[in-house]
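Please open the model in a viewer and keep the selection panel at hand. The stops below proceed from one selection to the next.

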Amino acid sequence: MIHAVSLTRRTGRPGYPHHVGVVRRCTRSACSQTAVATLTYVYADQTAVLGPLATYAEPHTYDLCAQHTQRMSAPQGWSVLRLAPDPQAAEPSRDDLLALADAVREAGRPPPPVPDGPPPLRLVRPDS
């Protein structure tokens with residue numbers, strides 16, 4: 001019989017021995033700071049694009065903390081495009097609020113009635 005050996009201290013709860021957070025961390029090795037920007041390489045244009053933190057972590061992109069964002073450099077001969085976040089874009093707009101209200105109204109509507117019994121039959125004339 002084989003027994004599993006854990007090298008981490010158990011917290012008494014099943015599952016992960018430590019709290020697993022949803023905060024994205026800097027992808028640089030040995031850095032545990034919170035990510036604030038996303039770096040993407042556009043190989044065809046030889047451009048490194050550094051912009052606001054992407055909505056989702058994607059393959060082939062790198063999340064960086066504030067310190068590594070400031071110190072980031074591109075390969076020799078490449079250009080760096082730094083996209084500054086738009087402060088007004090981070091705030092909810094009137095369009096966002098209207099879309100949210102419409103979604104809530106739509107979710108609150110009762111479903112359409114379902115007819116009882118089989119669907120009605122209809123006459124289909126053959127094409128002449």
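A residue is called buried when its relative accessible area is under 20%, and exposed when that area is over 50%. The model under inspection is predicted.

**The whole chain**

Begin with the protein chain coloured by secondary structure, which comes to 3 helices and 4 strands. Followed along the sequence, these elements give the pattern β-β-β-α-β-α-α. The protein chain has 128 residues, of which 16% count as buried. Among contacts in the protein chain with a separation of 6 or more, 52% are between residues 24 or more positions apart.

**The sheet**

Next, select the 4 strands, which form an open sheet in the order β3-β1-β2-β4 with mixed pairing. At its edges are β3 (61-64) and β4 (79-82), each of which pairs on one side only. From one strand to the next, the twist averages 20 degrees.

Restrict the selection to residues 37-42, strand β1, and residues 47-52, strand β2. The two strands run antiparallel and are joined by 6 bridges. Strands of a sheet pair through backbone hydrogen bonds, so displaying backbone atoms suits this stop. Ala37 can be found opposite Pro52 in β2.

Now move to Leu81, a residue of strand β4. Which residues does Leu81 contact, leaving aside its neighbours within four places in sequence? They are Thr47, Ala48, Val49 and Leu50. The C-alpha atoms of Leu81 and Leu50 are 6.2 Å apart, although 31 residues separate the two in sequence. Leu81 counts as partly exposed, because its relative accessibility is 41%.

**The nonpolar core and its cysteines**

Select Cys26, Cys31, Ala37, Leu39, Ala48, Leu50, Leu64, Cys65 and Met72 and show their side chains: these 9 residues make up the largest nonpolar core. The elements that contribute two or more residues to this core are β1 and β2.

Within this selection, turn to the cysteines. Cys26 has a relative accessible area of 6% and is therefore buried. Cys31 is likewise buried, at 16%. Not counting residues up to four places away in sequence, Cys31 touches Cys26, Cys65 and His68.

Why is there no bond between the sulfurs of Cys26 and Cys31? A disulfide requires two cysteine sulfur atoms within 2.5 Å. The sulfur of Cys26 has its closest cysteine sulfur in Cys31, 3.9 Å away, and this is too far for a bond. Cys31 is in no disulfide either, as the nearest cysteine sulfur to it, that of Cys65, is 3.7 Å away. By the same rule the count for the structure is 0 disulfides.

**The aromatic cluster**

Return to the sheet and display the aromatic rings, among which the structure holds 4 aromatic pairs. Select Tyr41 and Tyr62: their ring centres are 6.0 Å apart and their planes meet at 65 degrees, so this pair is edge-to-face. Because Tyr41 belongs to strand β1 and Tyr62 to strand β3, the pair ties together parts that are 21 residues apart in sequence. Tyr41 is partly exposed, with a relative accessible area of 23%. Tyr62 is also partly exposed, with a relative accessible area of 35%.

Keep Tyr41 selected and add Trp78. The centres of these two rings, in Tyr41 and Trp78, lie 5.8 Å apart with planes at 85 degrees, so this pair is edge-to-face as well. It links distant parts of the chain, from Tyr41 in strand β1 to Trp78 in the loop between α1 (66-71) and β4, 37 residues apart. Adding Tyr43 completes the selection: ring pairs link Tyr41, Tyr43, Tyr62 and Trp78 into a cluster.

**Two positive phi values**

The last stops concern the backbone. Most residues other than glycine have a negative phi.

Select Ala30, in the segment before β1. What is the phi of Ala30? The value is near 65 degrees, positive in a residue other than glycine. Ala30 counts as exposed, because its relative accessibility is 92%.

Finally, go to His60 in the loop between β2 and β3. The phi of His60 is near 70 degrees, again a positive value in a residue other than glycine. Is His60 buried or exposed? His60 is exposed, with a relative accessible area of 69%.

Key. Residues are numbered from 1 along each chain as its sequence is written. This is a predicted model: local features need pLDDT of at least 70, side-chain atom pairs count only at pLDDT 80 or more; totals for chains, interfaces and linings use all residues. Side-chain values use heavy atoms; hydrogens and water are left out. Buried means under 20% relative accessible area, exposed over 50%, partly exposed in between (1.4 Å probe, protein chains only). Two strands pair if DSSP finds at least two bridges between them. Axes are lines fitted to C-alpha atoms, for helices over the stretch in contact, and angles run from 0 to 180 degrees between N-to-C directions. Contact means heavy atoms within 4.5 Å. A nonpolar core is a set of buried Ala, Val, Leu, Ile, Met, Phe, Trp, Tyr and Cys residues joined through side-chain atoms within 4.5 Å. Rings of Phe, Tyr and Trp (its six-membered ring) pair if their centres lie within 6.5 Å; planes under 30 degrees apart count as stacked, over 60 as edge-to-face and the rest as tilted.
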